[in-house]
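Okay, thanks for coming, everybody. I'll put the structure up and then walk you through the parts I'd like you to look at.

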Amino acid sequence: MKINLISRILHLLLPLLTLACTQKMTTTATKPQTGQQVIEAMYRHWENKWYPNFAFDQRAIFYKDDQVSREEIWQEIYSYPANLHIRFDGFETGNGVIYNQDTVYTFKQGKMVNKQYSIHPLVLLSFDVYFYDPATTISKAQELNFDLSQFTEATWQGRDTYVVGTTDPNDQSRSQFWVDKEHLYVVRILTNSNGVARDVEMNKYQEIEGNMVATEIVFKNNGQLFLREEYFNISFPEKVNPSWFEPDQFSTANWK
């Protein structure tokens, strides 16, 4: 009688134990283990949800020796994929840059003074990652010297993050990006180029018109604060004019 009772209890518990084990295995299986998987998870999470167009003004606050050295107001507009137009201190100055499909064009007083191939890491990992096929983002991230096989987890500003590009979150000598584990958006990007370690923080995420926006960007070179950007007049245009991102249309481009 006692044996039969135990058998019946085990029979009832078996499906629950199986379900619990299956759920644990599923969680383990879907949790990113590499940088490639983090990029794939970011894409899946935000596919058809992230904003394709983004316009804003920003207060650019420059620092020298931890003191504010100057301030400017910039105008910016992004459109997927890989299109970014920045005007420095107003359209009338004729100063700015255009990023168009991984080429950056620099303008002074309305004239183009430089053109070079350049993948913008912030544009790639803050915007394009949600629109490109993950294989494209992976290829571009590797071109930027992010070692996607290097992976760990850490806490950033009190939140759990995935860290891609290093196995030691305290090692800032390696290019790496940090992704919020819950929301799957980037919160920090570190790059190393020509002996300069640049640390960029995407701070103060806010929900604006149903979209998540980092409203403060902080730049440090070799640990020294040199630029803080504060976003305002934020909007999400339904349509943009492609000519705004064409270098030969720089002088006439104006989205205001």
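When I say two residues touch, or are in contact, I mean they have heavy atoms within 4.5 Å. With that in mind, start at Phe 177, which touches Ile 39, Leu 125, Phe 146, Leu 148, Tyr 162, Val 163, Val 164, Val 186, Arg 188 and Ile 189, and that list leaves out residues up to four places away in sequence. One caution before I go further: this is a predicted model.

Okay, so where does Phe 177 sit in the bigger picture? The largest nonpolar core has 60 residues, and Phe 177 and Phe 54 are the ones with the most contacts inside it. There's also a second, separate core of seven residues, which includes Ile 77, Phe 91, Phe 245 and Trp 255. Keep that second one in your head, as I'll come back to it.

Quick overview of the chain. It has four helices and 13 strands. Of its 256 residues, 46% are buried. And if you take contacts between residues at least 6 apart in sequence, 44% of them join residues at least 24 apart.

Now the aromatics. How many aromatic pairs does the structure hold? It holds 24. Take Trp 50 and Tyr 51: the ring centres are 4.9 Å apart and the planes are at 20°, so that pair counts as stacked. Trp 50 and Tyr 51 are both buried. Now compare Phe 91 and Trp 255, with 4.9 Å between centres but 75° between the planes, which makes the pair edge-to-face. What does that second pair tie together? Phe 91 is in the loop between β3 and β4, while Trp 255 is in the segment after β13, so the pair links parts that are 164 residues apart in sequence. Both rings are out of the solvent by our cut-off, which is under 20% relative accessible area: Phe 91 comes in at 16%, and Trp 255 at 12%. And yes, Phe 91 and Trp 255 are both in that second core.

Back to Trp 50 and Tyr 51 for a second. Ring pairs link them into a cluster with Trp 46, Phe 54, Phe 56, Tyr 78, Phe 127, Tyr 130, Tyr 231 and Phe 236. You'll recognise Phe 54 there from the largest core.

A couple of arginines also go looking for rings. Arg 70 lies over the face of Phe 62, 3.8 Å from the ring centre. Arg 188, which was on the Phe 177 contact list, has its charged end over the ring of Trp 178, 4.7 Å from the centre.

Next, one polar residue that's worth a click: Ser 79. You'll find it in strand β2. Is Ser 79 buried or exposed? Buried, with a relative accessible area of 7%. Its side chain makes a polar contact of 2.7 Å with the side chain of Asn 53. Beyond its neighbours within four places in sequence, Ser 79 is in contact with Pro 52, Asn 53, Val 240 and Phe 245, and Phe 245 is another member of the second core.

Okay, hairpins. Strands β5 and β6 pair in the antiparallel sense over six bridges, with Lys 108 standing opposite Lys 111. There are two residues between those strands, and Gln 109 takes a positive phi near 50°. Now look at β7 and β8: antiparallel, six bridges, with Phe 151 bridged to Val 164. That hairpin has two residues between its strands as well, and there Gln 157 takes a positive phi near 50°. Val 164, by the way, is one of the residues Phe 177 touches.

Last stop, helix α4, residues 134–143. Its buried residues are Pro 134, Thr 137, Ile 138, Lys 140 and Ala 141, and what covers them includes α2 and α3. At the start of α4, a side-chain oxygen of Asp 133 gets to within 2.8 Å of the backbone nitrogen of Ala 135. After the helix comes Asn 145, with a positive phi near 75°.

Over in α3 we have Pro 121, which counts as buried at 18% relative accessibility. Pro 121 and Ala 141 are 20 residues apart in sequence, and their C-alphas are 7.8 Å apart. Again leaving out residues up to four places away, Pro 121 touches Leu 144, Ile 189 and Thr 191. And Ile 189 takes us back to where we started, since Phe 177 touches it too.

Terms used
Residues numbered from 1 in each chain as written. Predicted model: local features only at pLDDT ≥ 70, side-chain atom pairs only at ≥ 80, totals over all residues. Heavy atoms only, no water. Buried < 20%, exposed > 50% of the residue type's maximum accessible area, 1.4 Å probe, protein only. Polar contact = N/O pair within 3.5 Å; in protein donor to acceptor, adjacent residues only side chain to side chain. Pairing = 2+ DSSP bridges. Phe/Tyr/Trp six-rings, centres within 6.5 Å; stacked < 30°, edge-to-face > 60°. Lys NZ or Arg CZ within 6 Å of the ring centre and 35° of its normal. Core = buried A, V, L, I, M, F, W, Y, C linked by side-chain atoms within 4.5 Å.
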